[in-house]
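Reader: I would like a close look at a single part of this model, set out with care and tied back to the rest of the chain. Please take one helix and follow its surroundings outward.

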Amino acid sequence: MNLLKFTQKIKPSFEKGGKFGWLHSTFDAFESFLFVPATVTKSGAHIRDCMDLKRVMSVVIVALMPAMLFGMWNVGDQHALAFGLTDMGFWGKFWYGFLRVLPLIIVSYVVGLGIEFTSAQLRGHEVNEGYLVSGMLIPMIMPVDVPLWILAVGVAFAVIIGKEVFGGTGMNIWNPALLARAFVFFAYPSHISGDKVWISGLTDNASAVVDGFSGATPLAQATSNIATPDFLQMFIGNIPGSIGETSTIAILLGAVLLIWTGVASWKIMVSCVAGALFVGLIANSLAPEGSYAAYPVWNHLVMGGFAFGAVFMATDPVTSAQTECGKWIYGFFVGALAIIIRLFNPGYAEGMMLAILFMNTAAPLIDHYVVEANIKRRMKPAKK
């Protein structure tokens with residue numbers, strides 16, 4: 001209550017025409033983040049709903065927590081395995097991972113929110129809450145050893161080119177978090193591919209690594225026809241990979257919350273899996289034994305960024321299909337394209353990022369034809 005009273009006391013100074021009126025957008029952003037806005041619509045339809053943009057973003061953040069927390073522990077676990085540190089223990093591994101991941105989160109939010117606040121101030125607009133989720137997603141889909149300056153450049157590219165040039169949250173065509181990863185992948189490929197980038201400390205102390213240890217991800221091993229971890233280990237997630245993408249169990253916990261609250265579409269998630277299974281089973285049945293195309297398709301569902309992309313990226317309500325039928329089509333092609341890229345593009349083992357970005361581009365076209373088909377179907381009885 002004291003914070004609320006203090007905020008209300010200084011608010012007039014930040015209103016337009018006040019002493020600090022030029023900081024109105026910044027003050028409004030902090031006020032709306034701390035408290036429920038005491039405003040209602042003044043014209044048009046009045047709809048009572050407990051879910052506003054801030055609450056939607058908060059639900060997604062909570063849904064990301066299992067994958068984030070597991071990712072922090074896994075960073076420490078992979079580090080311990082690489083260097084033979086048998087005495088770290090559970091909390092030692094988690095604390096190590098926490099200290100390595102925290103700077104990535106801080107850089108992501110400082111750079112991203114800094115650009116958003118600056119843009120809002122220059123335009124005189126309100127600061128949208130959309131980056132609350134993107135700021136968490138970007139570190140989770142990056143290698144733990146990505147240099148902070150590269151992460152900052154990727155975040156700046158995603159926010160400026162991916163959001164602000166289109167008008168901000170709700171107007172962007174592509175998922176901003178995936179744009180950041182795509183930028184880093186194509187601009188600095190050595191920092192997001194290979195065996196060493198996925199293990200914290202490996203690039204600086206390669207000579208101290210335990211004999212026989214490999215930091216290669218299961219996807220990299222599969223494409224090279226090297227034996228991969230078993231399905232259960234990949235499902236649990238104690239494998240090399242991006243911070244938040246390794247544990248399918250943790251990702252599914254987030255999916256349950258998103259579906260239960262209605263924040264994300266279960267149709268897109270299910271159709272993503274269906275599209276992947278469709279292409280994968282065809283490849284498994286036609287490919288010669290021992291080839292990468294014969295690799296069991298169900299393993300593709302639990303390695304790389306497939307599960308994370310299907311739950312948190314493909315379901316982005318801004319960049320995905322909006323019509324109900326369109327969601328089935330959109331999700332199916334995301335899953336199908338991801339497996340096609342994995343199987344037939346040897347230069348890029350992970351296909352989920354490109355599949356989602358491509359379907360982000362196609363989503364408005366899908367919705368257009370779904371709506372046109374519905375109009376034609378409804379017009380037929382009228383003509384009779």
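Author: In this predicted model, the residues P176, A177, L178, L179, A180, R181, A182, V184 and F185 of helix α7 are buried, and with nine of its 12 residues in that state the helix is mostly covered. Helix α7 runs over residues 176–187 and reaches 16 Å from its first C-alpha to its last, close to the 16 Å expected at 1.5 Å a residue. At the N-terminal end, α7 is capped by N175, whose side-chain oxygen lies 3.0 Å from the backbone nitrogen of A177.

One of the buried residues, A180, offers a way to relate α7 to another helix, since A180 and I161 are 19 residues apart in sequence and 9.9 Å apart in space, taken from C-alpha to C-alpha. I161 is found in helix α6, which covers residues 148–162. With a relative accessible area of 39%, I161 is partly exposed, because this value falls between the 20% limit for buried and the 50% limit for exposed. When residues up to four places away in sequence are not counted, I161 touches A156 and F166.

The aromatic rings give a further view of the model, in which the count comes to 16 aromatic pairs. One of them joins F183 and Y188 with 6.3 Å from centre to centre and 70° between the planes, an edge-to-face arrangement. F183 has 21% relative accessibility and therefore counts as partly exposed, as buried would require a value under 20%. Y188, at 22% relative accessibility, likewise counts as partly exposed. Another pair, Y292 and Y295, is tilted, with 6.4 Å centre to centre and 35° between the planes, and here both Y292 and Y295 are buried. Elsewhere, ring pairs link F70, W73, F90, W91, F94, W95 and F98 into a cluster.

Turning to the chain that holds these parts, there are 15 helices and zero strands, and of the 384 residues 49% count as buried. Among the contacts in the chain with a separation of 6 or more, 70% are accounted for by residues 24 or more positions apart. The accessible surface of the chain comes to about 19,200 Å², of which 68% belongs to carbon and sulfur atoms.

Terms used:
Residues numbered from 1 in each chain as written. Predicted model: local features only at pLDDT ≥ 70, side-chain atom pairs only at ≥ 80, totals over all residues. Heavy atoms only, no water. Phe/Tyr/Trp six-rings, centres within 6.5 Å; stacked < 30°, edge-to-face > 60°. Buried < 20%, exposed > 50% of the residue type's maximum accessible area, 1.4 Å probe, protein only. Helix = DSSP H or I, 4+ residues; strand = E, 2+ residues; numbered from the N terminus. Expected span 1.5 Å × (residues − 1). Polar contact = N/O pair within 3.5 Å; in protein donor to acceptor, adjacent residues only side chain to side chain. Contact = heavy atoms within 4.5 Å. Areas by Shrake-Rupley, 256 points an atom, 1.4 Å probe, with all protein chains shown as cover.
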